[in-house]
Amino acid sequence: MSDIFPKWTNKLPAMVIVGGLIVGGVVTAGITYYMTPKYARVGYTPVQPVAFSHAIHADQLGLDCRYCHNGVEKSWYSNVPAASTCMNCHNQVLKDDPKLALVRESAATGKPVPWVQIHKTPDFVYFNHAVHVNRGVSCVHCHGPVNKMDEVRHSKSLGMSFCLECHRDPAAKIRPNDQVFNLDWQAPEGFAKSGGAKLVKDWNVHPGESCSVCHR
Amino acid sequence: MKFIPPVCPEPETGPQYFRSPEAMADSAQLQEWAEREFPAGASELTVAESRRDFMKLMSASFMLAGFGLTGCRRPTEHIYPFGKQPEGYLHGVAQHFATAMPTRTGAIPLLAKSSDGRPTKVEPNPLHPDQAGTDQFAQASVLGLYDPDRAQHFRNKGNIAKRVDALDALSQISKRAAANGGRGLAIIAESNSSPTRARLQAAIAAKLPNAVWATYDAVDSTIHTQAASLVTGKQVTPYFKFAGAKRILSLDCDFLGSEDEMYRYTRDFAKGRKIAKPDSAQGFELISRLYTVESLMTLTGFSADHRMRVAPSQVAALAAQLAAEVLKQSGRTSLLNTSTLAASLKVDVTLKNWVAECAKDLVAHKGAALVVAGQGQPLAVHVLAHAMNEVLGAFGKTIELHDAPAAGKPLAAAVGAETVVVLGANPAYTASETWSQIAKSAKTIVHLGSHEDETGKTATWHLPAAHYLESWGDARTSDGTVVAIQPLIAPLFAGLTEAEVLGHLLGNPIANSYSLTRETFAALTAGALDEEKWKKFLHDGLLEGSAAPAVSGSFNWTAAATALGLVTATPAPSKEKLEVIFHRDASVDDGRYTNNGWLQELPDPITKLVWDNAVLISRETATQLGWKNGDVIAISANGRTVEGGIWIQPGMADFTLGLALGYGRKWGRIASFEDKSVGFDAYPLRTGTAGFITGASAKSANRTHPFICTQDHWTLHGRPVVREANVDQFLKKPDFAKHMDLDGHTEFLAKNPDGSIKNIYEHPYKTHPELASKSHQWGMVVDLNACTGCSACVIACQSENNIPIVGKDQVAKGREMHWMRIDRYYAADPRKKETGSILAAFKSNVTGSQGNPDTVNLVERDELQATKRWIDDPQVVTQPMMCQHCENAPCESVCPVNATAHDDEGLNVMAYNRCVGTRYCANNCAWKVRRFNFFDFNKRPIGGGKMADSFFKLDIGLYKGPAGVRPGDEVDIISMARNPDVTVRMRGVMEKCTFCQQRIEGAKISQKVKAGASNDVVVKEGAIQTACQQACPAGAITFGNILDPNSAVSKLKKQDRNYSVLGFLDNKPRTTYLARIRNLNPAMPEGHKQIWTVEEYRSISDPHFMPESKTDGAAKGAK
């Protein structure tokens, strides 16, 4: 009886399996790399309606973070300031500058400046700012060196693994409370083991790894 | 060639999306590409070598576009801050404002939570002396504020009108009225305790003396004032104080259920039932004892220690007998002659003894006894009750008298008026006959209503009413304290308040509630518009020291005798002449909440029916008339007929039909679901505001109606899920609850050295101690002695946790979403069994005598239980059931994706985003407290569409999935009711009680924020109250940290009565219950020696058990 199938089809199952494994592996790796928060979110730098520069205001002028983000110590939400906060200075400084037109309009009419949101956790995650900034976690750990940014950039992945790094080892990232808003503070050599561990012990820091801490 | 991602087509200055890592490094190459207007290859297209190259280039870039390297990977979201920062407002921090929900006779003092500038939850006001929780209506009122069917427009003869025009019309009416002293003007309003309204009413009476002010309530509570005023000769209203009453007799008074002040009565009654420790010296004085005489099965009947069921017309005769006995035993027979009335009740020996023993018990507790009569009973019964109270020395002890305003004119007084202004009432629906007379003669009808309801549709001018959560106002709670009503949000639809309408009628074109309330307040605080006093009033929500003083009065026996003399005895009802009771529904009140989805879906506390009302009927009546559950009957009385399906209700009086008011509407997405009314309208059968009518007849209508009941099983089947004992048994053996069920019989199990049961799998907290938090471990205790089954907690949980409603169809499939449920069990009188023990009856039924009405078959089909004689006079227990947060949770070990895990503080938590919808956890849960989102219930439109049987006829949006949308007008407004602190769950996700995780985390976070750089991170006792705990009027639920030995919950768990439901499974639930203690009077007839759930339990667990009978000596005591 002659062969129904050509000889090369003998290799076909093996090729399909191997090929499938390779393709599957590549797709998985691709998705894992490209579609995780670390890749997808980090670097996001949208263009804002008003070219506000943190480098000028927070670093050069030395404004404390809390001057504008005043709710951060009491609320889960770190608020973007109302236009009236900007106008505290800008009713004199650059008071007719066209770049600030939206801010002036907002302060006068109440129409909000449509800032583009950069840092956002999914709806099923409940993150609370107040408990972090009051317990030795600085803005810089999650938001990066904002005081050096001209345009705010999504600096860290803010995925669950990122949060767990610190929740599992708070001593590595904790700092004294008075340095929380000092974004340039550098922990001294070996601080995590000595100072950090001491703070964790003294303050009874148990950030918790249970689901209920963030997911309600 | 190298694949360069093409430039995002948006212009530079607009929203720009991140493209590649190189952009971050700002590489020069990418910079160059970014500056080019067109993709790199585009310019080559003009000299394209081949279409193939073009396709390669374009397809490559499109493919990479799929990886999100071009725009639109992340949709732009915006943050919109304020233009001018409001003072004292922090986004994300909820604010609380004191307010009050006005009721007919008073108000419920509340603390309303405002999230993001809108009210999302109401709590009781902790500063008010009542401290009495809330009821289910207050909890559901938040949804009422966001009801999409609310009146949203001013209407003139049905057409949308402008607010200014409507106010103009009011001015015209005011001018016309002022010209002739108010002749031809009638104002119809409901009862209200507001001092502002009283002031304006007086002003109208002064300015327009010929105007008629009619007070009309569909459910009339004014009989209490009427009776008290009659017997004391002063205009007073009684203020009942159940806490100090050791013996209570209720004459058809459902003070735990349908009376207006139910939440306060529940708290006071619970105070008299809670037990701190088993003090055997007190004996039967340990807790109060409740005797009820009633016709319907009510929540008061659930809690009664002794219950007599009689038809409503016979309550008067029974009350007369009781009064005669009380007078006789106190040696004061000469004071009142009740013999004629008393004799009209046919007496059998049991009844006579019941009356005698009950009277004896009351008389033995002079000064600590209370007799109350129900709002549906005629004046005679109230007079008899007060006569007994006087003899028992209740006045001044358990009854306080407060000054009351004069009664208003009845509704009929408005007939003949040219201009009728209806404030809030709905007489077209609740009093259609009288209203049609009024509407005939009225030229202008102005209706201020929350919905465009039946009255609103007939009105010339319909004004949308402002909800109490968006109005300024005031009220008085029943003790007389003035409470503030302040808005948490500006009126959503520019509605008006009653006070504003009255202000306009008085001729003030700029009347607004704020000024009117402030003026009243100034008058109440003697003078000036003191800013500080006003601010304190608004902050506290009440005016200190404004409680009404007690008025003393002497009993006018002559007036009482006269009132009694006017009464003629009514013959008992029979098969041909039935009596019909009209009662205030536990879900929709008198009809004002028919369009409230939460309340419609709330299982009725008595019947556990949802989305319906039924004709409640006793087994005997149904058997004699040949009906069964679901048969529709036509009831006729006074020339009118009403049709409704019957539901056999255990404990119902014979030849009496119970009809709930408030259903059968023809408008509203919820009230008339799929164009079919929910329930049937009982009002046409009613005369006036009668509590009941006599002489009705009923016959079959030859069809059936499907009733959906969430609890079909009526008995406990002998399982000690609810553990009870009588007071004497409890005092003899205080830890009886720990010796029932298998967890009390562990002699045969292997034990650890410390006495605990040796497990195959060690508790994770033992093997890994670091897993357990040393700061907090949460636990909860539910006191079954306090719980009356009112279900306020169920609605509170729904409000707090964004629990959706699912509709009648889905509840029929068992898919209701309430995280908490109140289980209600009926227990059988063992003497109603065939022979000997329940086990013998069980055996005989297995061999085929099912359907024998005299048996208690514990394994029979539920349809047959409605035919059994034992349900005629059952004992009833209720038990709130929610996630038990087992330490060894059976649900956690079976989740394939670990979506439900145990946290370090003892809670079983749900991560909704992880759940894939296997439902194995719900399968494994022995308490059945897990709920699954079978559909996207939160996205479904509420009512519309065909929700019929066939899968393919559905077009109600159930299957719309992520792309599904609700109609626009529902989306915005119903979303406002949601609590932002809790995830809104999607289809395919399991959910369950979380012990209000959001409140626990919120309290922990607050404590840590306060602690700052210190180690004071343990949450203080009392900082966390779960929603159910806070709402419970009885204070039955206690929650707290069991690591703290001084916390309330730890102390309760140490009590001997403490037990776990299904504790023998050794899951170690964190929610435990305190066993129920009843106070049965051993001298009473009926053989009430033993609690019947205990009888059932013992007869199952002990094959040689014989039930106690009437002739046995004192109780043998629980095993």
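Which backbone oxygen does the side chain of A:His167 reach? In this predicted model, the side chain of A:His167 comes to 2.8 Å from the backbone oxygen of A:Gly208, and the surroundings of this histidine offer a way into chain A.

A:His167 sits in helix α9 of chain A, which covers residues 160-168. With a relative accessible area of 17%, A:His167 falls under the 20% limit and therefore counts as buried. When residues up to four places away in sequence are not counted, A:His167 touches A:His132, A:Pro207, A:Gly208, A:Glu209 and A:Val213, so that A:Gly208 appears both as a residue touched by the histidine and as the owner of the backbone oxygen that its side chain reaches. A:Glu209, another residue in that list, stands 42 residues from A:His167 along the chain, and yet the C-alpha atoms of the two are separated by 6.5 Å.

A second residue leads from chain A to chain B. A:Ser75 belongs to the loop between α4 (65-68) and α5 (83-90) of chain A, and its relative accessible area of 1% makes it buried. A polar atom of the side chain of A:Ser75 lies 2.6 Å from the backbone oxygen of B:His91. Leaving aside neighbours within four places in sequence, A:Ser75 is in contact with A:Asn128, A:His129 and A:Ala130 in its own chain, and with B:His91, B:Gly92 and B:Val93 in chain B.

A third residue, A:Pro46, is placed in the loop between α2 (37-40) and α3 (54-60) of chain A, where it is buried, with a relative accessible area of 3%. A:Pro46 and A:Lys201 are 155 residues apart along the chain, and their C-alpha atoms are separated by 40 Å.

These residues can now be set against chain A as a whole. Its secondary structure consists of 10 helices and 1 strand, and, read from the N terminus, the order of the elements is α-α-α-α-α-α-β-α-α-α-α. Chain A is more spread out than a compact globule, because its radius of gyration of 25 Å is well over the 17 Å that the globule rule gives for 216 residues. Along the principal axes, the C-alpha atoms of chain A fill a box of roughly 100 × 50 × 35 Å. Of the 216 residues in chain A, 42% are buried, and among the contacts in this chain between residues at least 6 apart in sequence, 68% join residues at least 24 apart. Chain A exposes about 12,400 Å², with carbon and sulfur atoms supplying 63% of that area. Its side chains include 22 positive and 17 negative ones, and the centres of these two sets lie 5 Å apart.

Chain B has 34 helices and 37 strands, and 60% of its 1119 residues count as buried. For contacts in chain B between residues at least 6 apart in sequence, the share that joins residues at least 24 apart is 75%. The accessible surface of chain B amounts to about 43,200 Å², and 56% of it belongs to carbon and sulfur atoms.

One helix of chain B shows burial along its length: 8 of the 8 residues of α17 (residues 498-505) are buried, so this helix is largely enclosed by the rest of the structure. The buried residues of α17(B) include B:Glu498 and B:Glu500 as well as B:Val501, B:Leu502 and B:Leu505. Just after α17(B), B:Gly507 takes a positive phi of about 95°.

Technical notes. Residues are numbered from 1 along each chain as its sequence is written. Chains are lettered from A and ligands numbered from 1 in the order in which they are written. This is a predicted model: local features need pLDDT of at least 70, side-chain atom pairs count only at pLDDT 80 or more; totals for chains, interfaces and linings use all residues. Side-chain values use heavy atoms; hydrogens and water are left out. Helices (H or I, at least four residues) and strands (E, at least two) are DSSP runs, numbered from the N terminus. The radius of gyration is taken over C-alpha atoms; the globule rule is 2.2 Å times the number of residues to the power 0.38. Buried means under 20% relative accessible area, exposed over 50%, partly exposed in between (1.4 Å probe, protein chains only). Contact means heavy atoms within 4.5 Å. Accessible areas come from the Shrake-Rupley method with a 1.4 Å probe; for residues, only the protein chains shown count as cover. Lys and Arg count as positive and Asp and Glu as negative; His and the chain ends are not counted. The place of a charge is taken as NZ of Lys, CZ of Arg, CG of Asp or CD of Glu. A polar contact is a pair of N or O atoms within 3.5 Å; within protein, one must be able to donate a hydrogen and the other to accept it, and residues adjacent in sequence count only if both atoms are side-chain atoms.
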